[in-house]
Number of protein chains: 2
Amino acid sequence: MMPKSAAKPSARERLLAAANELFYAEGVQSTGIDRVIERAGVAKASLYNSFGNKDGLVRAYLELRRDNNLARIDRALTRFRTPRERLLGVFDAQGEQITDPGYNGCAFMAACSEAPHGSTAEEVTAVYRGRIRALLTELAADCGVADPAGLARKLHLLYDGVTFSGRMDHDPTASSFAREAAAALLDAAEKAPAEALPASQAPAAT
Amino acid sequence: MMPKSAAKPSARERLLAAANELFYAEGVQSTGIDRVIERAGVAKASLYNSFGNKDGLVRAYLELRRDNNLARIDRALTRFRTPRERLLGVFDAQGEQITDPGYNGCAFMAACSEAPHGSTAEEVTAVYRGRIRALLTELAADCGVADPAGLARKLHLLYDGVTFSGRMDHDPTASSFAREAAAALLDAAEKAPAEALPASQAPAAT
DNA sequence: TCCCTCTCAGACAGGTCTGTCTATCGTACG
DNA sequence: CGTACGATAGACAGACCTGTCTGAGAGGGA
């Protein structure tokens, strides 16, 4: 029952690995079930026994990438000590991601764009974005700024911009510009402690 | 030959209008040819006579939206006088766009995510993004900052972030945060005229 | 009147995709 | 030994999509 990591991966593990490669490289809609089971070396019945249907496989694929992404950021932040370095380090971690030779854009952006509204992809993505927002807010608070949520909101826009630009014009230098911009925003937030607190009472990330 | 705007729209015009509605609302891949010709009240042969194939219709749809978007921004900027107001006005124009009740995310992001690499969608999108970048660079130069291209680059990240966030968590307040962040970046660029010019020799937007 | 162009209506072929079903095989366990 | 279970291989149905083709109607200009 429990997957044994040694010896031979189970059909489920091979399916998830194959889906991760194919869905990410060529898109969810464009990749048929037959391609996935061929890559995994698995019978079609095994897919439907393990995941129910294609949507179940898509969910597992996105949850895998989400957890891997969050773990990668956490791992990168352990290198930094001061609150400022840790906050800006989020963009260093992003830079490592988008300069990876296998990088092919944001899997969540692609999956949400392909799927109709209210899909599984949007559900998994909302959790992911909420975690990122919470992390940025926490790091901003550690820096002692007056409005951590407002600063996190703006930093998240920069983060999203790098994601977007990285897909649209395949530009691996975007994150370094984002890091510079983030530093400027952090400086401005530290210097202006009580400036009529602009619009921080806006809704959370949903 | 020339489309007469009065009386009755030609089959081509009705097709383009129907494609604009359906492709934008439900995606390019998900919308079949039959749905488009039914909405347009047009025969299938008219579509293939006017656009060659579905990809030709997709190209015309994206070019229509691109030109409409650029014209809307230009129109919005005529309200502003000073260079600073005009630069920040780009985000006001974006705010008007994403708070429109019919707004459903960025058509180019959706089309590029659905299509494989090197598609028509990416081609039209590259032109669009180049225009936006050029506009931001020009407006930054009018503000007299030391590194207009670098500032435009960061502002474009904010602009993209709003686009991304507007699709992912349907947040119409994103552009006001982007405007605040843009103002802070502009202030920082004006105050620091000769600060070792950081990384502005990076490649253009492609 | 004749012709030419644009248009409509719909059948059709050829392909792809998801999901179900049958039938067989190998192995671990009681 | 026998049985139960996970896995394999592949056929099949039903649906959808693109693009082509046939056949006919309407309207304006020479």
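In this predicted model, helix α4 of chain B, which spans residues 54-77, and helix α6 of chain B, which spans residues 107-114, have axes that come within 10 Å and cross at roughly 155°. That angle makes α4(B) roughly antiparallel to α6(B), because angles over 145 degrees are counted in that way. The crossing in which α4(B) passes α6(B) is left-handed. On one side of this meeting stand B:Val58, B:Leu62 and B:Arg65 of α4(B), and on the other stand B:Ala107, B:Phe108 and B:Ala111 of α6(B). Sorted by class, the contact of α4(B) with α6(B) holds five nonpolar residues, no polar ones and one charged residue.

Two packed helices are described by the angle between their axes and the distance between the axes. With this in mind, the reader can turn to another pair in chain B, namely α5 (residues 83-98) and α7 (residues 120-142), whose axes come within 8 Å and cross at roughly 155°. The helices α5(B) and α7(B) are therefore roughly antiparallel to each other, and their crossing is left-handed. From α5(B) the contact draws on B:Pro83, B:Arg86, B:Leu87 and B:Val90, while α7(B) contributes B:Leu136, B:Leu139, B:Ala140 and B:Asp142. Six nonpolar residues and two charged residues make up the contact of α5(B) with α7(B), and no polar residue takes part in this contact.

What does the corresponding helix pair look like in chain A, where α5(A) covers residues 83-98 and meets α7(A)? The axes of α5(A) and α7(A) come within 8 Å and cross at roughly 155°, and these two helices are therefore roughly antiparallel to each other. Here α5(A) passes α7(A) in a left-handed crossing. The residues that make the contact are A:Pro83, A:Arg86, A:Leu87 and A:Val90 on α5(A), together with A:Leu136, A:Leu139, A:Ala140 and A:Asp142 on α7(A). By class, the contact of α5(A) with α7(A) consists of six nonpolar and two charged residues, with no polar ones.

Stepping back from single helices, one can see that chain A is divided into domain 1, running from 10 to 52, and domain 2, running from 62 to 191. The C-alpha centres of these two domains of chain A lie 29 Å apart. Where the domains touch, domain 1 of chain A gives seven residues to the contact and domain 2 of chain A gives six residues. On the side of domain 1 of chain A that touches domain 2 of chain A, there are four nonpolar and three polar residues, and none that is charged.

The next step is to follow how the two chains meet. Their contact takes 38 residues from chain A and 38 residues from chain B. On the side of chain A that touches chain B, at least two residues each come from α6 (107-114), α7 (120-142), α8 (148-168) and α9 (174-191) of chain A. Of these elements, α8(A) provides the largest share of that side, with 11 residues. The side of chain A that touches chain B has 21 nonpolar, 10 polar and seven charged residues.

The last part of the picture is the DNA. Which residues are the closest to DNA strand C? They are A:Gly32, A:Ile33, A:Lys54, B:Ala11 and B:Ala43, and they belong to a set of 17 residues that surround the strand. At least two residues of the surface near DNA strand C come from each of α2 (33-40) and α3 (44-51) of chain A and α3 (44-51) of chain B, and α3(B) gives the most, with four residues. This surface near DNA strand C divides into seven nonpolar, six polar and four charged residues.

DNA strand D is likewise surrounded by 17 residues, and the closest are A:Ala43, B:Gly32, B:Ile33, B:Asn53 and B:Lys54. The elements that supply two or more residues to the surface near DNA strand D are α3 of chain A along with α2 (33-40) and α3 of chain B. For this strand, the largest share of the nearby surface, four residues, comes from α3(A). By class, the surface near DNA strand D has seven nonpolar, six polar and four charged residues.

Note on methods. Residues numbered from 1 in each chain as written. Chains lettered and ligands numbered in written order. Predicted model: local features only at pLDDT ≥ 70, side-chain atom pairs only at ≥ 80, totals over all residues. Contact = placed C-beta atoms within 7 Å. Nonpolar A, V, L, I, M, F, W, Y, C, P; charged D, E, K, R; others polar. Axes fitted to C-alpha atoms, helices over the stretch in contact; angles between N-to-C directions. Parallel < 35°, antiparallel > 145°, perpendicular 65-115°, else oblique. Left-handed = near helix turned anticlockwise from the far one by under 90°. Near = placed C-beta within 6 Å. Domains from an automatic or database assignment.
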